[in-house]
Amino acid sequence: MDTEDFDWEFEHPEVDPDEDEEQEEVADPYKDDESKDDEAIQRECLKAFASIDYIMESGVFKDLKRYFQAGGTPEQVVLLLSENYTAVAQTVNLFAEWLIFTGVNPTEVQQMVEDHLKALIIKHFDPKKADSIFSEEGGTPAWLEIMIQHRTWRSLFYKLAEAHPDCLMLNFTIKLISDAGYQGEIGNVSTACHEIEVFTKVLQTTINKLLEGGEDAVIKHLPEFSKMVCHGEHTYLYAQMLMHLLAKDKDGGSIIRRLYQEVQNAGKNKGEGVTQISLALSSAAAYPKACQALLSMICREALNTADITVLFKLYMGPDPPPVELIRIPQLMELFKQTLFKPGANVNPEHRNKYTYLLAYAASVHETFKKDKRITLNKDELKPTCQAIDKVYNICSCDQKVGSELTAELTAFYQCIRYPVVALGVLYWVDKTVLDPAYFQRITDHTPLHLIVLDEVVNCHPLIHGKVLELLIRLFEDPYPQLDVLVQMELKKTILDRMVHLLSKGFVVLVVQYIAKCVDDSDTDMSLIRHFVTEVLDMIAPPYTSEFVQLFLPIIENQDITGTLRNEDGKDPVSNFIVHCKTNFIMMT
């Protein structure tokens with residue numbers, strides 16, 4: 001590639017003196033000079049000329065004209081500009097050309113220079129000087145409009161905006177970026193939350209992205225979406241109100257409702273305002289007794305029999321409150337912790353009230369028309385109650401471990417098909433197996449509690465992410481109380497659960513985690529080899545490009561798969577590599 005054709009974005013722009021003069025006449029930059037004497041103007045200009053590489057600055061012609069009009073002499077200007085010319089930009093270009101001549105890819109060279117320039121800007125950025133740009137330019141600088149057309153510099157503005165949220169220049173730039181159609185990139189920039197127009201555009205773009213992308217998009221973008229919505233009370237109220245209204249739509253309403261509840265759950269640590277806003281949107285004002293009982297338990301972060309009894313009577317009545325009132329994520333979490341923790345102990349006289357309310361929230365379906373309820377479906381209420389009660393009886397007997405639970409497997413598998421029970425069982429397994437003494441007491445090759453996780457995975461795709469989180473915590477536990485060989489066998493068993501997750505369609509995040517283990521170099525290679533072997537035994541073409549990008553580097557790692565390959569190349573590892581190289585030529 002000819003370096004003369006290479007367009008360096010970091011070069012100083014050339015300035016046409018005539019064009020600059022025209023801009024000066026419009027902006028009237030000499031207005032302030034009327035109050036200054038000629039000597040003051042000369043001193044001010046000479047100070048600017050003495051700065052490094054000032055001859056490369058776009059304002060040099062403006063200051064030259066000011067200086068000469070104030071009676072300055074050319075000799076001193078020439079001396080200052082020449083002595084302080086260090087040719088930083090030209091030197092960078094020269095070094096870049098040398099790198100290209102030595103064989104470095106021009107794109108890599110440009111990336112190197114841009115990354116270094118970004119680091120310097122972030123380090124030395126001064127918000128006050130940045131804000132002064134607008135007063136000096138008298139409008140939006142042309143270079144700023146050019147910069148926001150490039151993703152590299154947009155990402156720089158996002159980082160600066162996070163670090164300096166009160167900078168007016170950056171706030172304006174974020175608005176320019178949004179107006180230019182790049183609002184989908186700024187979902188995690190807190191500056192967007194200060195501009196209602198920007199926030200609305202980002203909110204709309206992100207919700208559309210989540211609706212169109214399905215579960216994968218929700219997993220990927222939900223954290224930053226929640227962070228943006230929960231930035232402040234104004235953003236939370238605005239976004240939740242919009243999603244509350246959108247959730248009533250038949251097309252995509254269920255997904256919007258899930259986003260509404262996920263954001264509500266993410267904001268639970270922001271204070272009481274989150275709960276009060278959620279209750280207000282759920283028409284709680286029409287049911288003051290229910291509202292008081294809910295606030296009491298949520299604020300105390302604990303269920304109590306008195307408030308549960310109030311809610312039970314209301315929802316047992318002929319005209320119960322809307323089910324949405326008791327679907328607040330914080331309340332559902334409290335039910336889960338109360339009924340499914342190992343050794344749970346709820347007063348038998350009132351336990352039916354707890355199970356009834358949880359089952360009601362999880363299974364009852366109602367429809368409204370013009371804020372008037374027209375249907376109330378309780379068909380699943382009774383069997384859900386029975387399933388919760390049956391699993392409670394098992395979870396509350398914390399003395400049962402290992403093979404003692406075998407007799408309960410049939411009951412577990414029958415009840416786990418109910419999503420609310422599956423979440424409760426997952427919580428019970430989590431609290432049980434994270435007990436340091438648990439694996440010391442287990443003699444079975446595969447602990448029964450982990451086998452139960454496989455059934456949860458079989459029945460409920462939406463819980464796959466939570467299962468993986470638990471498996472990762474178990475896999476990363478050092479287990480100092482166990483013998484080394486026992487540790488290795490246990491971790492292989494945990495990896496088998498991850499392979500099962502993968503077999504049920506939860507592929508990308510599982511392989512991403514294994515790839516991270518390889519990159520971090522903190523996992524025994526025999527464990528990675530075990531995972532690879534198990535996966536190769538169960539997969540077959542065609543593969544998605546995303547899977548190949550993640551899995552192929554693991555397969556090609558000699559430390560992992562060297563012992564799995566044959567000299568004749570007729571083995572699963574070699575077959576996979578050949579298939580990928582043949583069908584994904586673009587990959588390196």
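Q: Are Arg66 and Asp63 buried or exposed?
A: This is a predicted model, in which local features need pLDDT of at least 70, side-chain atom pairs count only at pLDDT 80 or more, and totals for chains, interfaces and linings use all residues. Residues are numbered from 1 along each chain as its sequence is written, and side-chain values use heavy atoms, with hydrogens and water left out. Buried means under 20% relative accessible area, exposed over 50%, and partly exposed in between, with a 1.4 Å probe and protein chains only. By that cut-off, Arg66 and Asp63 are both buried.

Q: How far apart are the closest N and O atoms in the salt bridge of Arg66 with Asp63?
A: A salt bridge is a side-chain nitrogen of Lys or Arg within 4 Å of a carboxyl oxygen of Asp or Glu. Arg66 and Asp63 are three residues apart in helix 3 (residues 60–69), so about one helical turn separates them; helices (H or I, at least four residues) and strands (E, at least two) are DSSP runs numbered from the N terminus. The closest N and O atoms of this pair are separated by 3.2 Å.

Q: Which residue forms a salt bridge with Glu39?
A: Glu39 counts as exposed at 56% relative accessibility. Its partner is four residues away in helix 2 (residues 38–49), so about one helical turn separates the two. The partner is also exposed, with a relative accessible area of 53%. With closest N and O atoms 4.0 Å apart, the partner is Arg43.

Q: Which residue of helix 18 is joined to helix 19 by a salt bridge with Asp389?
A: Asp389 is partly exposed, at 26% relative accessible area. The closest N and O atoms of its salt bridge to Arg351 are 3.0 Å apart. Asp389 lies in helix 19 and its partner in helix 18, so the pair ties together parts that are 38 residues apart in sequence. The partner counts as buried at 17% relative accessibility, and is Arg351.

Q: How far apart are the end C-alpha atoms of helix 18?
A: The expected span of a helix is 1.5 Å times one less than its number of residues. Helix 18 (residues 351–363) has 13 residues, so a span of 18 Å is expected. The end C-alpha atoms agree with this, being separated by 18 Å.

Q: How many of the 13 residues of helix 18 are buried?
A: Among the buried residues of helix 18 are Tyr354, Leu357 and Ala361. The buried residues pack against several elements, including helix 16 (305–316), helix 17 (329–339) and helix 21 (419–433). Helix 18 is mostly covered, and its buried residues number eleven.

Q: Which residue is the bridge partner of Lys369 in strand 2?
A: Two strands pair if DSSP finds at least two bridges between them. Strand 1 and strand 2 do so in the antiparallel sense, over five bridges. They form a hairpin with two residues between them, and Lys370 in the turn has a positive phi of about 55°. The partner of Lys369 is Lys372.

Q: What is the relative accessible area of Thr384?
A: Thr384 lies in helix 19. Leaving out residues up to four places away in sequence, Thr384 touches Ala359, Ser363, Tyr418 and Val420, where contact means heavy atoms within 4.5 Å. Thr384 is buried, and its relative accessible area is 3%.
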